[in-house]
Amino acid sequence: MKVIFVGAGPGNPDLLTIQAHRLLSNCQICIYAGSLVSPEVVALAPDGAELHDSAGMTLEEMETVFARAQAQNIDLIRLHTGDPSIYGAIREQMNSLDKMGIDYDVVPGVSSFQAAAAALKTELTAPEIAQTIILSRTSGRTPMPEMQELEHLARTQSTLCLFLSIHKIGSVADELAGHYGYHCPVAVVYRASWPDEKLIQGTLADIAAKVEEAQIKKTAMVIVGPALARNIPASKLYHRHFSHGYRQADEPGNQS
Ligand code: SAH
């Protein structure tokens, strides 16, 4: 018997991995994060499967379900939104499972920052401008480690993907503007890949007002950085004078 931590992806069931789809469609016991996992994904569990919404559960209550599955020798699917490794609180569950002598595996999922980039039809990296993507958040009830406060991250001018931060968009934008400048592009994607997905694009100067107008208060990804601009010089990868392991440069005089 095993517990399998499964990434449910950002919402649209088509974005589940084949492995996640297969495990979910055959599961007998599933604990899912009801606050974020889409009902369409949970609906893939077969009729008669035992379903538990972790939103209303404590770790001890989850341990009770783990123990029962162990006693019955039934694999348990632990469904997490996006990819389980990002703000998934899987560590404490794994520590419990270690203590209980229960084995576990992890199936990765499409994270919401990736679904947001797809919705925006954007590249998060840009040659010579942003070669680093930072996944972070602003402080909530969980304080930020001091060296990872947004103002420190902003100094790197990387592309910032902020989870769990939409409720503080005003102060986040002001804090970031100190380093990125108020003209820096920002995008907010509400419920990426859900039927009611919303895209809001602006700058650090106007994004807070736009978010307020759209009444977005949760389940949104905030992406900030100059890489979001379209008028960025092309990378060398497809330039005809740039050769690499898979393609010879098209030498001047040798042009087709
Ligand atoms: N493990 C998840 C993140 C969980 S933290 C992942 O990999 O995506 C929860 C936060 O993720 C939300 O506050 C929101 O910032 C973001 N999020 C989750 N699903 C989202 C979606 N469909 N669209 C936009 N943001 C989403």
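In what order do the strands of the open sheet of 5 strands lie, and is the pairing mixed or of one kind? In this predicted model, the strand order is β6-β7-β10-β8-β9, and the pairing is mixed. The edges of the sheet are formed by β6 (133–137) and β9 (198–203). Each of these two strands has a single partner strand, so one side of each is left without a neighbour in the sheet. From one strand to the next, the twist averages 20 degrees.

Within this sheet, strand β7 (residues 159–163) runs antiparallel to strand β10 (residues 220–224), and the two are joined by 3 bridges. One residue pair can be named at this junction: L162 has V222 in β10 as its bridge partner.

Two helices are described with respect to the sheet. Helix α5 (residues 112–120) lies across β6, β7, β8 (185–190), β9 and β10. Its direction makes an angle of about 70 degrees with β10. Helix α7 (residues 169–180) lies across β7, β8 and β10. The angle between α7 and β7 is about 165 degrees. Strands β7, β8 and β10 thus appear in the list for α5 and also in that for α7.

Side-chain charge pairing was examined over the whole structure, and the search returned 5 salt bridges. Side chains of opposite charge can pair when their charged atoms come close. Three of the salt bridges, described here in turn, are R155 with E151, D196 with R191 and D206 with K210.

In the salt bridge between R155 and E151, the closest N and O atoms are 3.8 Å apart. E151 has a relative accessibility of 33% and therefore counts as partly exposed, a class that lies between the limits of 20% and 50%.

For D196 and R191, the closest N and O atoms are separated by 2.8 Å. Both residues of this pair can be assigned to an accessibility class. D196, at 31% relative accessibility, counts as partly exposed. R191 is also partly exposed, because its relative accessible area of 22% is not under the 20% limit for buried residues.

The salt bridge of D206 with K210 has its closest N and O atoms 3.8 Å apart. D206 counts as partly exposed at 28% relative accessibility, and K210 is likewise partly exposed, with a relative accessible area of 32%.

Technical notes:
Residues numbered from 1 in each chain as written. Predicted model: local features only at pLDDT ≥ 70, side-chain atom pairs only at ≥ 80, totals over all residues. Heavy atoms only, no water. Pairing = 2+ DSSP bridges. Helix = DSSP H or I, 4+ residues; strand = E, 2+ residues; numbered from the N terminus. Axes fitted to C-alpha atoms, helices over the stretch in contact; angles between N-to-C directions. Contact = heavy atoms within 4.5 Å. Salt bridge = Lys/Arg side-chain N within 4 Å of Asp/Glu carboxyl O. Buried < 20%, exposed > 50% of the residue type's maximum accessible area, 1.4 Å probe, protein only.
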